[in-house]
Amino acid sequence: MSNFFDTICAIATPIAKGGVGIIRVSGEASKDVVKKFFNKEIIPNKINHGWIINNNKKIDEVIVLYFVSPKSFTGEDVVEIQTHGSPVILKEILNLLLSNGARLATKGEFTKRAFLNHKMDLSEAEAVLELIESKSVKSASLNASNLSGSLKEAISNMREEILELLAKITASIDFPEDVQEVPYELIEEKLTEIKEKIENILKNAKSHNILREGIKIAVVGRPNVGKSSLFNALLNLKRAIVTDIAGTTRDIITESFDIDGINATLTDTAGIREDNKIDTVEKIGITKAKETIEDSDIVLLLFDGTVGITDDDKEIFELAKNKKTILVSTKQDINEKIYEGALPISSKTGKNIEKLKELIYKNVVDVDIDNIEFTTNQRQQESLQNAIFAINNALLGTKQEQLQDLISIDIKTALLSLGEITGEVINDEILNSIFDKFCIGK
Ligand SMILES: Nc1nc2c(ncn2[C@@H]2O[C@H](COP(=O)(O)OP(=O)(O)OP(=O)(O)O)[C@@H](O)[C@H]2O)c(=O)[nH]1
Ligand SMILES: [Mg+2]
């Protein structure tokens, strides 16, 4: 297959103590390089068991797997060495590979080669990265779906439809005597159809981003209303310090937990109060609390249920007026009062803690994630936006019955934008920015 690339190597597993460690080698010389220090024959598609030997010294007992091009991850000859999971051994074998003719792989170079050798398209290559980086079960499953080609298929289908339309338009331009001009209504109909499909994908983009990044939740309120207690209850951990002294939490504390498959980052903040008794540390804590509100996707506004909503509470709630919020009345176990629009909770008994999680989920995730077939990242979303922009231009030209030659220029631009997602249209800059995000060894 590819004869253009040199032979690269990298440690593919974390460099830490573990049961096994894997070193990967890819390129034409893979087998020859490994043969120099492996004491057994290397047979393709077999489990080759033997020793790594350096200067007559036994380094490790290993398993060597040999995948012959094109039937490998990169499409090239690939050798994987399974060692015992010791950072020292992994590094020693890596050094052996380097001194015998292999080069250290750059970030994402294995996956980049898989793409360049047509083992996967760009959307699938990006899914490899995102699968590794997934922060939640749902995100991982959508990335796995991308890896299996679901986004590629959706884009390819649209590209084919555009190509078909372009072919018809071009034929009538090139052979006006033999081929009839494509009716403007038909062009409009087809373009509108494709535009709607793209818009549908983009409609889910916000949810894709939430799945990718997770959601950020801030717990905010006056001192002593029960923020840290709720923080602990949501995490099911005694993480934050709880006391009956107002001003207990000084610094912000952040932890992650899972809400129905989505990664949630929860931040406990210092109780906000304007008081001349507060010291410098508490003042800084309050400033940080305000920044946390700005940075969050949703803010839990807490007030003490035994007291009710005071003017001070209202002032604090003002700070989150541009945010999605959930109003929460605390300490339900020692008061039975109902406040309109507020969810009564007790961090002591656990009352309505699950309900609160449900509310958070419903507020932030506004589409049915289970029905999303694939996910898109920022880069892919930009290409989709560009495609819509070009289609809109083409639609305008169609409505004005411009020369079809001119309209076809915009249609081609849309085609190119979609091609950037799958990698049919690509340049080095895009490639490098994608694969730079990978870890070495992937
Ligand atoms: N009975 C009862 N007491 C609670 C509940 N939640 C909090 N408290 C009590 O209220 C007091 C303050 O709780 P914290 O969670 O420290 O309050 P906070 O809002 O984090 O306070 P600061 O960090 O000082 O701003 C403690 O004595 C808690 O035991 C609850 O659900 N029920
Ligand atoms: Mg606190």
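Buried means under 20% relative accessible area, exposed over 50%, and partly exposed in between, with a 1.4 Å probe and protein chains only. This is a predicted model, in which local features need pLDDT of at least 70 and side-chain atom pairs count only at pLDDT 80 or more, while totals for chains, interfaces and linings use all residues. Residues are numbered from 1 along each chain as its sequence is written, chains are lettered from A and ligands numbered from 1 in the order in which they are written, and side-chain values use heavy atoms, with hydrogens and water left out.

**Stop 1: a charged network**

Select R103. R103 is partly exposed, at 30% relative accessible area. Now add E109, which is buried at 11%. The two form a salt bridge, with the closest N and O atoms 2.7 Å apart. The rule for a salt bridge is a side-chain nitrogen of Lys or Arg within 4 Å of a carboxyl oxygen of Asp or Glu. Extend the selection to D6, E76 and R113: with R103 and E109 they belong to one network, joined by salt bridges that share partners.

Zoom in on R113 and D6. Their side chains meet in a salt bridge of 2.9 Å, N to O. R113 sits in helix 3 and D6 in the segment before strand 1, 107 residues apart, so the pair links distant parts of the chain. R113 is buried at 2%, whereas D6 is partly exposed at 38%. Helices (H or I, at least four residues) and strands (E, at least two) are DSSP runs, numbered from the N terminus.

**Stop 2: the sheet beside helix 3**

Show strands 1 to 6. They form an open sheet in the order 3-4-5-2-1-6, with mixed pairing. Two strands pair if DSSP finds at least two bridges between them. Strand 3 (48-54) and strand 6 (103-104) are the edges; each has a single partner strand, so one side of each lacks a neighbour in the sheet. Helix 3 (residues 109-116) packs on this sheet and touches strand 1 (8-11), strand 2 (18-26) and strand 6. Contact means heavy atoms within 4.5 Å. The direction of helix 3 makes about 135 degrees with that of strand 1. Axes are lines fitted to C-alpha atoms, for helices over the stretch in contact, and angles run from 0 to 180 degrees between N-to-C directions.

Move to strands 4 (residues 57-67) and 5 (residues 78-85). They run antiparallel, joined by 5 bridges. Pick V64 to find I81 of strand 5 opposite.

**Stop 3: a pair within one helix**

Go to helix 1 (residues 30-35). K35 and D32 both lie there, 3 residues apart, about one turn of the helix. They form a salt bridge, at 3.9 Å between the closest N and O atoms. K35 is partly exposed at 46%, and D32 is partly exposed at 43%.

**Stop 4: the other sheet**

Select strands 7 to 12. This open sheet of 6 strands has the order 8-9-7-10-11-12, with mixed pairing. Its edges are strand 8 (253-259) and strand 12 (343-344). Helix 11 (residues 311-318) packs on the sheet, touching strand 7 (215-221), strand 10 (298-304) and strand 11, and its direction makes about 175 degrees with that of strand 10. Strand 11 (residues 324-330) runs parallel to strand 12, with 2 bridges between them. One to display is S329, whose bridge partner in strand 12 is P344.

Finish on N263, in strand 9 (residues 262-268). N263 is buried at 14%. Beyond its neighbours within four places in sequence, N263 contacts K135, S136, G214, I215, S256 and F257. Click G214: it follows helix 8 and has a positive phi, near 85 degrees.
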